[in-house]
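This report walks through selected helices, loops and backbone features of one chain. Have the sequence and the model open side by side.

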Amino acid sequence: MHIFVAITGASGALYGVRLLQRLHGSGVAEVHAALSHAGERTLRHELDLTPDDLRQHAHVWHEIDDIGAAPASGSARFAAMAITPCSMRTLAAIACGLADNLVTRAADVMLKERRRLLLAPRETPLHALHLRHMLTLTELGAIVSPPMPALYWRVRTVEELVDRTVDRWLDLLDAADTDVQRWNPQDARA
């Protein structure tokens with residue numbers, strides 16, 4: 001199984017970093033990754049990290065402008081792609097079929113090949129055009145899964161909150177590992 005993870009310029013770079021870390025340590029054969037220019041800026045601002053800090057969590061690293069990289073071709077047979085966080089610019093480009101960089105081209109390939117594409121938009125509040133783009137992408141087969149906190153887990157740290165969201169995304173990507181926490185109604189009664 002090959003999975004492509006992209007981090008774009010929306011706030012929430014920690015989600016993408018954590019997804020990369022979890023996928024790299026799982027049974028996924030190859031984790032490919034890319035970072036948009038705005039994603040790089042957000043990564044530095046929010047986490048004091050550079051692209052070099054992320055390269056260790058991907059088997060293959062791609063430059064955003066390399067439109068000829070493997071994820072840009074349907075013949076590469078990626079099982080899934082996740083864009084987290086997904087900026088509204090990236091979301092709009094994909095919804096409109098604007099494949100102008102590796103991330104948007106790879107997402108377009110995932111849609112045309114009917115493969116799993118998970119988008120984690122991180123913006124609030126949303127206006128009608130944001131919602132229309134999300135609806136369009138959902139109708140095309142994408143999974144729109146914003147990082148909304150599941151407070152029933154009784155999380156105590158930001159890291160726990162991020163991990164519970166990443167657990168859900170791993171399931172949606174069909175790449176769950178043994179560290180995924182599952183809901184147990186018995187826990188709620190304790």
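A residue counts as buried when its relative accessible area is under 20%, and as exposed when that area is over 50%. The model is predicted.

**Helix α1**

By that cut-off, α1 holds the buried residues A13, Y15, G16, V17, L19, L20, R22 and L23. Which elements cover them? Among them are the strands β1 (2-7), β2 (30-35) and β4, together with the helices α2, α3 (51-55) and α7 (158-172). The length of α1 fits a helix: its 12 residues should span 16 Å at 1.5 Å a residue, and the end C-alpha atoms lie 17 Å apart, which agrees.

**Where α1 meets α2**

Two packed helices are described by the angle between their axes and by the distance between those axes. For α1 (residues 13-24) and α2 (residues 37-47), the angle is about 95 degrees and the axes are 9 Å apart. α1 is therefore roughly perpendicular to α2. On the α1 side, the contact is made by A13, L14 and V17. On the α2 side, T42, L43, E46 and L47 take part. By class, the contact has five nonpolar residues, one polar and one charged. A13 and V17 belong to this contact, and both are also among the buried residues of α1.

**Helix α6**

α6 covers residues 128-139. Its 12 residues should span 16 Å at 1.5 Å a residue; the end C-alpha atoms are 16 Å apart, which agrees. Which residues of α6 are buried? They are H130, H133, M134 and L137. Seen down the helix axis, the buried residues fall within an arc of 100 degrees, so they line one face of α6. R132 and E139 are exposed on the other side. The cover over the buried residues includes α4 (88-95), α5 (102-112), β5 (116-121) and β6 (143-144). After α6 comes G141, with a positive phi near 110 degrees.

**Helix α7**

α7 has 15 residues. From first C-alpha to last, α7 reaches 21 Å, close to the 21 Å expected at 1.5 Å a residue. Its buried residues are L161, V162, D163, R164, T165, V166, D167, W169, L170 and L172. They pack against α1, β4, β5 and β6. α1 thus appears in the packing of α7, just as α7 appears in the cover of α1.

**A buried proline in a loop**

P71 sits in the loop between β3 (60-62) and β4 (80-86). Is P71 buried or exposed? Its relative accessibility is 3%, so P71 counts as buried. Leaving aside neighbours within four places in sequence, its contacts are F4, H62, F78, L102, A106 and V109. P71 and G39 are 32 residues apart in sequence, and their C-alpha atoms are 18 Å apart in space.

**Cis peptide bonds**

Where are the cis bonds described here? One runs from T84 to P85, with omega near -5 degrees. P85 lies in strand β4. Another runs from T124 to P125, also with omega near -5 degrees. P125 is in the loop between β5 and α6.

**Positive phi and exposed loop residues**

R154 and D174 each have a positive phi without being glycine. R154 lies in the loop between β6 and α7. D174 comes just after α7, in the loop between α7 and α8 (185-189). M148 is found in the loop between β6 and α7. The C-alpha atoms of M148 and V162 are 9.4 Å apart in space, with their positions 14 residues apart in sequence. V162 is one of the buried residues of α7, whereas M148 is exposed.

The table lists the relative accessibility of three exposed loop residues.

| Residue | Relative accessibility | Class |
|---|---|---|
| M148 | 61% | exposed |
| R154 | 58% | exposed |
| D174 | 52% | exposed |

For the two residues with positive phi, the angle is near 55 degrees at R154 and near 60 degrees at D174.

Conventions. Residues are numbered from 1 along each chain as its sequence is written. This is a predicted model: local features need pLDDT of at least 70, side-chain atom pairs count only at pLDDT 80 or more; totals for chains, interfaces and linings use all residues. Side-chain values use heavy atoms; hydrogens and water are left out. Helices (H or I, at least four residues) and strands (E, at least two) are DSSP runs, numbered from the N terminus. The expected span of a helix is 1.5 Å times one less than its number of residues. Buried means under 20% relative accessible area, exposed over 50%, partly exposed in between (1.4 Å probe, protein chains only). The arc is that of the directions from the helix axis to the C-beta atoms. Contact means heavy atoms within 4.5 Å. Axes are lines fitted to C-alpha atoms, for helices over the stretch in contact, and angles run from 0 to 180 degrees between N-to-C directions. Angles under 35 degrees count as roughly parallel, over 145 as roughly antiparallel, 65 to 115 as roughly perpendicular and the rest as oblique. Ala, Val, Leu, Ile, Met, Phe, Trp, Tyr, Cys and Pro count as nonpolar, Asp, Glu, Lys and Arg as charged, and the others, Gly among them, as polar.
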